[in-house]
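I am keeping these notes while reading through one structure. I start with a single helix and work outwards from there.

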Amino acid sequence: MNRIARSHWGSRIGFILAAAGSAVGLGNIWRFPYITGENGGSIFIVVYLLCIALLGLPIIIAEVMLGKVSQRNPVGAFQKLAGKHSLWQLAGFMGVLAAFVILPFYSVVAGWCLGFLCKTITGVFEPGHGMHEIISIFSKMTASPLQQSIFLGLFLIMTVSIVLSGVRKGLQRWTEIMMPALLLILFGLVIYGMTLPGAQKGLQFLLSPEPTKLTAQSVLAAMGQCFFSLSLGMGAMLTYGSYLQAKDRVSNSSFWVVFMDTGIALLAGLIVFPIVFSFGLEPAQGPGLVFVTLPAAFLQMPGGTWIAFAFFVLLLFAALTSAISLLEVITAYFIDEHNIPRSLAAIMFGFICFIIGVGCTYNGGYFDFLDKLSSNYLLPIGALCISLFVGWKLDKKLSKDDFTGTGYVKLFSLWFWCVRVIAPVLVILVFLNALGLF
Ligand code: TRP
């Protein structure tokens, strides 16, 4: 096949930022608090952190490594490493399919951010607005398929234009500015939240685990959230890894990505729940949680509409750097395997995701279905395949080489056994448990 030469990241830090840009997004700030609220708070967080340590960290290294050693998209990677007709490539196909499941509903939520952004400019949000007004503004927006489709379309146009400009100029540049700014606002909000009357109840919800609240479904949700938040299990990290050079090392870079991602999710929780309890809201209210709590907090502050504006701009950037990694998986597959030019692939598949997303704006059940289908099933199954492949099929020398010369060389065996045995067994146990087999 006549391959187009592959571009590479400008530097190791370029890769870390892009991978962190993919990981940090709506998953941390929108999804983590809402799933935590639905699954009982602190005990869910304990299970989530266990999943990050035992599944997220080892598997992200495995996935990036597959990309680096194969220099291919998810399907091509398995074909190259396991043979053209091997069944492993199904895992790659499932990843490309998962991108078509995730990007549409992800863009709907990013569209809500855009919508809120417009509402802060046009004066729909006014200083002093209380919870009731905000809930009604949010409900009106989500009840209008037309409004949502416009914002969703705008968001996808932005995503497509960045993916069009390719690896370095497009993917790398954006991440470098927004991450520090987002962190700054988040820290400010944590401090604000702590000073609210009744904030302790929120902290209690986060910090005093009650094991009796744990159900099989919430363990599954914690595992799903772990993969969703780290962009694992569908080849996004694999694709980003494929833009690394053979001399690059992935094991040490991956640690930082996991650290930042988990830190930001926890910060979001620390912001949202003190506000929820202080305003007497229901923590388990679902996907709207962040969109009603944060504006309510902003609008109580002096200059609040501006803070709200800044926050939604940053959240939108965070969502963009994640969405481009989803579209990049689809694009890389069609460039590598079908020789379709980057521009055509990005535009065409961006449009298909738009159509699927419009479907979600008409039917909330459909939105929920795509959300849970991807996180709780497609991603864990993809991650299971990746970890089995690296643990049992990939030449051990290749993975060992990646650890040599880094400060992590002593951890190679620990990582290897995690990927080979512990992670696959855990994923399967969580599935069986959720199916009610114990
Ligand atoms: N991780 C991103 C977030 O937390 C979402 C995301 C981007 C993603 N790429 C992905 C999720 C690939 C799963 C797979 O917002």
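Entry 1. The model is a predicted one. I began at the start of H4, where a side-chain oxygen of Asn 73 comes to within 2.9 Å of the backbone nitrogen of Val 75. I then went to the other end and found that Gly 83 follows H4 and has a positive phi, near 110°.

Entry 2. I asked how far helix H4 is enclosed by the rest of the structure. H4 covers residues 74-82, and seven of its nine residues are buried, so the helix is largely enclosed. I listed the buried ones: Pro 74, Val 75, Gly 76, Ala 77, Phe 78, Gln 79 and Ala 82.

Entry 3. What covers these buried residues of H4? I found helix H3 (42-70), helix H5 (89-121), helix H11 (236-241), helix H14 (304-338) and helix H16 (364-393) included in the cover.

Entry 4. I looked at the loop between H3 and H4, which holds Gln 71. Gln 71 is not a glycine, yet its phi is positive, about 55°. I noted for comparison that most residues other than glycine have a negative phi. I met another case at Ser 231, also not a glycine, with a positive phi of about 55°. Ser 231 sits in the loop between H10 and H11. Its relative accessibility is 11%, and because the cut-off for buried is under 20%, Ser 231 counts as buried.

Entry 5. I moved to Cys 226, which is part of helix H10 (residues 216-229). Is Cys 226 buried or exposed? Its relative accessibility is 0%, so Cys 226 counts as buried. Setting aside neighbours within four places in sequence, I found Cys 226 in contact with Tyr 48, Cys 51, Ile 52 and Gly 56. I also checked Cys 226 against Gln 79, which is 147 residues away along the chain. The C-alpha atoms of Cys 226 and Gln 79 are 27 Å apart.

Entry 6. Next I looked up Asp 402, in helix H17 (residues 396-403). Asp 402 has 1% relative accessibility and therefore counts as buried. Which side chain does the side chain of Asp 402 join in a polar contact of 2.6 Å? The partner is Lys 68. Beyond residues up to four places away in sequence, Asp 402 touches Met 65, Lys 68, Asp 248, Arg 249, Val 250 and Ser 251.

Entry 7. I turned to Thr 293 in helix H13 (residues 289-300). Thr 293 is buried, with a relative accessible area of 0%. Where does its side chain reach at 2.9 Å? I traced the side chain of Thr 293 to the backbone oxygen of Leu 289. Not counting residues up to four places away in sequence, Thr 293 touches Met 131, Val 272, Ile 275, Val 276 and Leu 281.

Entry 8. The last residue I looked up was Val 427, in helix H18 (residues 412-434). Val 427 has a relative accessible area of 1% and is buried. With neighbours within four places in sequence left aside, its contacts are Leu 55, Met 223, Phe 227, Pro 380 and Leu 384. I also noted Ile 381, which is 46 residues from Val 427 along the chain, with 8.2 Å between the two C-alpha atoms.

Entry 9. I then stepped back to the whole chain. How many helices and strands does the chain have? I read 18 helices and zero strands. The C-alpha trace spans about 60 × 50 × 40 Å along its principal axes. I compared the radius of gyration, 21 Å, with the value near 22 Å for a compact globule of 438 residues, and the two agree.

Entry 10. I checked burial and contacts over the chain. Of the 438 residues, 61% count as buried. Among contacts with a separation of 6 or more, 84% come from residues 24 or more positions apart. The accessible surface is about 16,500 Å², and carbon and sulfur atoms hold 70% of that area.

Entry 11. My last item was charge. The chain has 25 positive and 17 negative charges, and their mean positions lie 10 Å apart.

Conventions:
Residues numbered from 1 in each chain as written. Predicted model: local features only at pLDDT ≥ 70, side-chain atom pairs only at ≥ 80, totals over all residues. Heavy atoms only, no water. Helix = DSSP H or I, 4+ residues; strand = E, 2+ residues; numbered from the N terminus. Rg over C-alpha atoms; globule rule 2.2 N^0.38 Å. Buried < 20%, exposed > 50% of the residue type's maximum accessible area, 1.4 Å probe, protein only. Contact = heavy atoms within 4.5 Å. Areas by Shrake-Rupley, 256 points an atom, 1.4 Å probe, with all protein chains shown as cover. Lys, Arg positive; Asp, Glu negative; His and termini not counted. Charge placed at Lys NZ, Arg CZ, Asp CG, Glu CD. Polar contact = N/O pair within 3.5 Å; in protein donor to acceptor, adjacent residues only side chain to side chain.
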